[in-house]
Amino acid sequence: MTKASPTIIASSNDVYENFMSLYRPERDDPPASVLEQSTDDIPLHTVSTTRYTSQEFHEREVREVWHKVWQVACWGGDIPNAGDTSLYDNAGISAVIVRQNDGTVKAFYNSCLHRGMRLCNTQGSRASLKCRFHGYTWGLDGKCTNLPHAWDFPNLDQENLPLPELAVGEWQGFIFVHPDASARPLEAYLGSMPAQWEAAGWSLDSRFKAIHVTKKIRANWKVAQEAFMEGYHAPAVHPDTIMPAGPFELIRADIFPGEPHFSRGLGSSGVIDVDGENSIARQQAAVDHYVRFYTPEFSARDDLVVTDANTARDIMHRLAVEKARIDNGADLSNMARFDVIDFCWYNVFPNFMPWPTLGYPLAYWFRPIDGPNTCTMDILFLLPHGDTKPPSAQCIDLDYDDPCEPYLGAVGTILDEDMANLPIIQQGLESSKSGVVNLSEYFESRIRHFHSTLGRYVGDDS
Ligand code: FES
Ligand SMILES: [Fe+2]
C-alpha cells in the first residue's frame, strides 16, 4: 500500500489528513469537492429531548417544517409513462404525483373538491383522476372533466375547478414536492449541492431502482435518521459488520457555510488503520470480510490475497467492477475508483439521504407516521445498469418487527442492527432526567447542523 503513515486521530484535522493521505498518492481521482474539507462553526451542542418526544413539538414540525419544505415524494423511475401515478403521504400532506403527457410531472392534493374523499388510494397507471364517491373526475393535468349533475351545484363551475397543486421539482431522478405551489424553486432550496454533484459527475438518474422497502420503526423520525448521520456508534453497534471494513474514525463530516439544507459524510473502503499502519494482515481481514459479506460468489477466486501490489482497495475495486458487470451488465471500468468503492452520503434537510457513489448505492428518507414516537424509513438500492434500464422494483412494506435482511442482504443485516436500537433510544429519551442530548464537536457535527436548521424553522433553539 502506498499510503503515507497516518496520524493518530485526536482531532477533526487528523481525520481529514488521514483521508487525504490516501488519495494524494493513490490518484483515485475523487471529485474536487471531495478533496476540500469544509466545516462550520455551529454553536449548538445540546438538544432538548422534547424534540423527539413531545406531541407539541411534533405539531410544530408539521406546521413549520413539513408544510414549508421541499421533500422527496418518489423515485421518478416509478412513474415513467404518461398517466403513471404515485402517492405521497406525510405529516397530513397527501399528494398524487402524476406523469404528464409531455413527460413533466404534476402533484395534486389528494382530496376531492366535492366532499373531500381521497382521490387516489392506489398507485398505478390512470387515464384520469376519478373520485369513487360521486364520480367527479379530473384529467391528468388537473382540469375538471366531469361534474355529475352540475346543474345541482350552482356554486361550482366545472370550467373553473382545477385540482389544487403542490410545487414539483426533480433532482437526480427523485421527484420532490413542496406543499406551497408558489414556493421558491427546488434548485434554490438545495443551494450549491446540485452544482457539487454535477461537477463530480454523480448521476443517480442514470441508475435503476433495484430494491425499495418502506420500514416502520418505533422511534421518532429524527432518532432514526440521526443513527445514519454519524459513524460514532459503529464500534458498539456494528462490530462484526461495518468495523471489519475500516475504522469509523476515518469518516469525514463536511458542513458547508451558508448551506442550511445539506451536509455530507465521506469514507474510504479498504483503509483500516488509524494507528500508523495499514498492514497486509489487516487489509486481508478487510478483504475477507468484504468477500464474505458482499460478494460471496467470488470467494473461490485466486486473486484475493493482499500484497503490496494487490492492496485491499485494488481487490475491492476489481470485485465491485466485476459484480456490476455480472449482475446488471453495467460497465464501471471508466469510473474513478473513488466512485466505485468509496462512500459518500449527503443529508438533505429535513429527511433525505442520497449516496452518490457505489460503495453503498443507497438513498433513504424518513417520515413521521402519526406522532412523535413512530416513523417510516424508505430505503432504495439504486444500481448502475447496461444498455437496457430494468424496471423499477415494487415497494415492499415492512412492519415494525419485520427484519430488513431478507430484502436488503448484507446492508439489511447492518440496518437490522440499527433497527434493534431505535425503539430503545426512543424509550430512553422519554424517561430522560437531564432533558437534553449531547452532541459531539466533529463526529456528530452533521446532527448539530441538522438541529440548527430545524431550530430555525420551528423558532426554537432548545
Ligand atoms: S366526494 Fe368526490 S365525488 Fe363526491
Ligand atoms: Fe448504524
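## A walk through the model

Start by selecting Gln172, which you'll find in the loop between S10 and strand S11 (174-178). Keep in mind as you go that this is a predicted model. Gln172 is buried, with a relative accessible area of 12%. Look at its backbone too: phi is near 55° for Gln172, a positive value in a residue other than glycine. That's worth a pause, because most residues other than glycine have a negative phi.

**Another positive phi**

Hop over to His149, in the loop between S9 and S10. Phi of His149 is also positive, near 55°. Is His149 buried or exposed? His149 is exposed, at 58% relative accessible area.

**The seven-stranded sheet**

Now bring up the strands around those loops. Seven of them make an open sheet, and you can trace the order S2-S11-S10-S5-S4-S3-S6, with antiparallel pairing. Which strands stand at the edges? They are strand S2 (71-75) and strand S6 (124-125); each has a single partner strand, so one side of each is left without a neighbour in the sheet.

For a look inside this sheet, select strand S5 (residues 105-109) and strand S10 (residues 165-171): they run antiparallel and are joined by two bridges. Click on Phe108 and then on Glu165 in S10, its bridge partner.

**The three-stranded sheet**

Next comes another open sheet, built from three strands in the order S7-S8-S9, again with antiparallel pairing. Here strand S7 (129-130) and strand S9 (144-146) are the edge strands, each with a single partner strand, so one side of each has no neighbour in the sheet. Zoom in on S7 and strand S8 (residues 137-138), an antiparallel pair held by two bridges. Leu129 has Trp138 in S8 as its bridge partner.

**A buried strand**

Select strand S15 (residues 343-348) and turn on the surface. How many residues of S15 are buried? Six of the six are, so S15 is largely enclosed by the rest of the structure. Show the side chains now. In a regular strand they alternate between the two faces of the sheet. In S15, Phe343, Trp345 and Asn347 point one way, while Cys344, Tyr346 and Val348 point the other way.

Add strand S14 (residues 262-267), which runs antiparallel to S15 and is joined to S15 by six bridges. Find Gly265 and you'll see that it stands opposite Trp345 in S15.

Then follow the chain onward to Pro350, in the loop between S15 and strand S16 (352-354). Check the peptide bond between Phe349 and Pro350: it is cis, with omega about 5°. Most peptide bonds, by contrast, are trans.

**Two helix pairs**

Time for helices. Two packed helices are described by the angle between their axes and the distance between the axes. Pick helix H8 (residues 280-294) and helix H9 (residues 312-328), whose axes come within 9 Å and cross at roughly 15°. That makes H8 roughly parallel to H9. Their crossing is right-handed. To see who meets whom, show Gln283, Ala286, Val287, Tyr290, Val291 and Tyr294 on the H8 side, and Ala312, Ile315, Met316, Leu319, Ala320 and Lys323 on the H9 side. Colour this contact of H8 with H9 by class and you get 10 nonpolar residues, one polar and one charged.

Now swap to helix H3 (residues 55-64) and helix H12 (residues 445-458), packed at an angle of about 80° with their axes 9 Å apart. H3 and H12 are therefore roughly perpendicular to each other. H3 brings Phe57, Arg60, Glu61 and Glu64 to the contact, and H12 brings Leu454, Tyr457 and Val458. By class, the contact of H3 with H12 has four nonpolar, no polar and three charged residues.

**Two last loops**

Select His233, in the loop between helix H6 (221-226) and H7. His233 counts as buried, at 17% relative accessibility. What does His233 touch? Leaving out residues up to four places away in sequence, His233 touches Ala227, His238 and Asp418.

Finish at Gly246, in the loop between helix H7 (234-237) and strand S13 (252-255). Gly246 is buried too, with a relative accessible area of 13%. For a last distance check, pick the C-alpha atoms of Gly246 and Ser440: these residues are 194 residues apart along the chain, and the two atoms are separated by 21 Å.

Definitions and conventions
Residues numbered from 1 in each chain as written. Chains lettered and ligands numbered in written order. Predicted model: local features only at pLDDT ≥ 70, side-chain atom pairs only at ≥ 80, totals over all residues. Heavy atoms only, no water. Axes fitted to C-alpha atoms, helices over the stretch in contact; angles between N-to-C directions. Helix = DSSP H or I, 4+ residues; strand = E, 2+ residues; numbered from the N terminus. Parallel < 35°, antiparallel > 145°, perpendicular 65-115°, else oblique. Left-handed = near helix turned anticlockwise from the far one by under 90°. Contact = heavy atoms within 4.5 Å. Nonpolar A, V, L, I, M, F, W, Y, C, P; charged D, E, K, R; others polar. Pairing = 2+ DSSP bridges. Buried < 20%, exposed > 50% of the residue type's maximum accessible area, 1.4 Å probe, protein only.
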